[in-house]
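Trainee: I have a protein model open on my screen and would love some help reading it. Could we go through it together?

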Amino acid sequence: MNTESLVSIVIPNYNYGRFLAEAIESALAQTYPHIEVIVVDDGSTDDSCRVLESFGGLIRTLFQENRGPAAARNAGVRVASGANVQFLDADDVLLPRAVERLLEVLQAHPECGLVSGIAIKPSESSGIAAQEGSKKISFISFEDLVLQNSLVTSCTLARREVLIQNGLFDEDRAWQSIEDYFMWLRISRTSGVCLLVEPLVRYRIHASNISSNQLRQVEREVGLFCRLLEMERDARVRRLLCHKKRRLFHEWAYHARESGDRALFKKRARAALLRWPWYWKNWAYWVFAHFPLSSGWKR
């Protein structure tokens with residue numbers, strides 16, 4: 001098969017045996033016919049191996065010691081035969097036309113290194129639900145991505161050569177759960193990035209999502225933007241990164257407040273105020289953090 005027409009669907013998995021079969025089935029059920037499905041098991045200790053065996057030769061399977069989702073995705077990209085790589089997390093479900101629709105956009109815009117779609121994000125109680133969306137393409141700049149990561153990894157299709165040229169995903173565990181964001185930011189400095197505003201993946205929300213701990217997530221993003229600032233020399237970009245960092249400190253205070261930990265909220269409210277004193281909400285947080293609070297707060 002021509003590698004230019006082949007799309008490699010890479011699924012990293014770690015202890016998601018209860019969801020894995022549905023993810024693989026959604027990859028195999030794509031309307032675009034020229035696909036290979038690569039599942040990289042990242043040292044699972046549950047029944048994932050049994051699930052993988054049930055698919056026989058329909059999929060390619062790699063096994064490695066637990067090194068995190070970045071290393072698992074990288075392993076899949078390295079062995080991929082396709083010129084384009086579709087990512088899918090093991091707890092999510094691709095809609096049938098996802099690859100077909102994303103590839104149409106990528107082929108129509110050779111200046112773009114990747115294209116992403118919209119995720120359906122149901123509540124835990126409602127499970128996975130259907131949703132209609134408009135068919136619209138938005139082009140996303142580096143500046144747009146800095147201010148908001150609007151890309152969903154489970155419905156992102158990227159050119160394999162672009163991934164390799166940008167060093168693949170950073171495997172440092174310090175960036176776990178934001179390693180994809182770091183990758184997209186790097187790609188957006190050298191290639192176009194576009195968003196197909198159309199639901200293409202069903203995103204499953206559950207207690208064991210890596211990104212579910214918002215406090216840890218924001219803390220890692222703060223670390224990421226500190227690193228980006230260290231690397232950046234352009235004054236205009238540095239101003240943008242500094243603004244993002246101030247916003248993250250405000251978000252950190254917000255999530256500390258939501259956690260119910262009063263001592264942590266005081267600490268994070270003070271840090272946010274020191275870094276962004278002209279933003280009135282940081283003053284409100286600082287005042288609120290020092291008033292007597294309800295008994296629901298942790299001491």
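Mentor: Happy to! Keep in mind that this is a predicted model. Let's begin with the empty space inside.

Trainee: How do the residues that line the largest cavity divide into nonpolar, polar and charged?

Mentor: The search of the whole structure finds one cavity of 30 Å³ or more, and the largest cavity holds about 40 Å³ of space. Its lining is made up of R67, G68, P69, A70, D170, E171, D172, R173, Q176 and E179. Sort these by type, with Gly counted among the polar residues. The lining then comes out as two nonpolar, two polar and six charged.

Trainee: Now the cysteines. How many disulfides does the count come to?

Mentor: A disulfide is a covalent bond between the sulfur atoms of two cysteines. Here the cut-off is a pair of cysteine sulfur atoms within 2.5 Å. Take C226: the closest cysteine sulfur, in C242, is 9.3 Å from its own sulfur, so that is too far for a bond. By this rule the count comes to zero disulfides.

Trainee: Is C226 buried, partly exposed or exposed?

Mentor: Buried means under 20% relative accessible area, and exposed means over 50%. C226 has a relative accessible area of 24%, so its class is the one in between. C49, with 38%, belongs to that class too. The term for C226 is therefore partly exposed.

Trainee: And F142, is that residue buried or exposed?

Mentor: First find F142 in helix α5, which covers residues 142–147. Its relative accessibility is 8%, and the limit for buried is under 20%. F142 therefore counts as buried.

Trainee: Which residues is F142 in contact with, leaving aside its neighbours within four places in sequence?

Mentor: Contact here means heavy atoms within 4.5 Å. One partner is V237, 95 residues apart from F142 in sequence, with the two C-alpha atoms 9.5 Å apart in space. The full set of partners is L185, S188, R189, V237 and L241.

Trainee: Let's zoom out. What percentage of the contacts with a separation of 6 or more is between residues 24 or more positions apart?

Mentor: The protein chain has 299 residues, of which 52% count as buried, and it contains 11 helices and nine strands. The pair F142 and V237, 95 residues apart in sequence, passes the limit of 24 or more positions. Across the chain, the share for such residues is 77%.

Terms used
Residues are numbered from 1 along each chain as its sequence is written. This is a predicted model: local features need pLDDT of at least 70, side-chain atom pairs count only at pLDDT 80 or more; totals for chains, interfaces and linings use all residues. Side-chain values use heavy atoms; hydrogens and water are left out. On a 1 Å grid over the protein atoms alone, a cavity is a set of points where a 1.4 Å probe fits but cannot get out, and a pocket is an open set with protein on both sides within 12 Å along at least five of seven lines; lining residues have an atom within 4 Å of a point. Grid points are joined across faces, edges and corners, and a volume is the space filled by probe spheres set on the points. Helices (H or I, at least four residues) and strands (E, at least two) are DSSP runs, numbered from the N terminus. Buried means under 20% relative accessible area, exposed over 50%, partly exposed in between (1.4 Å probe, protein chains only).
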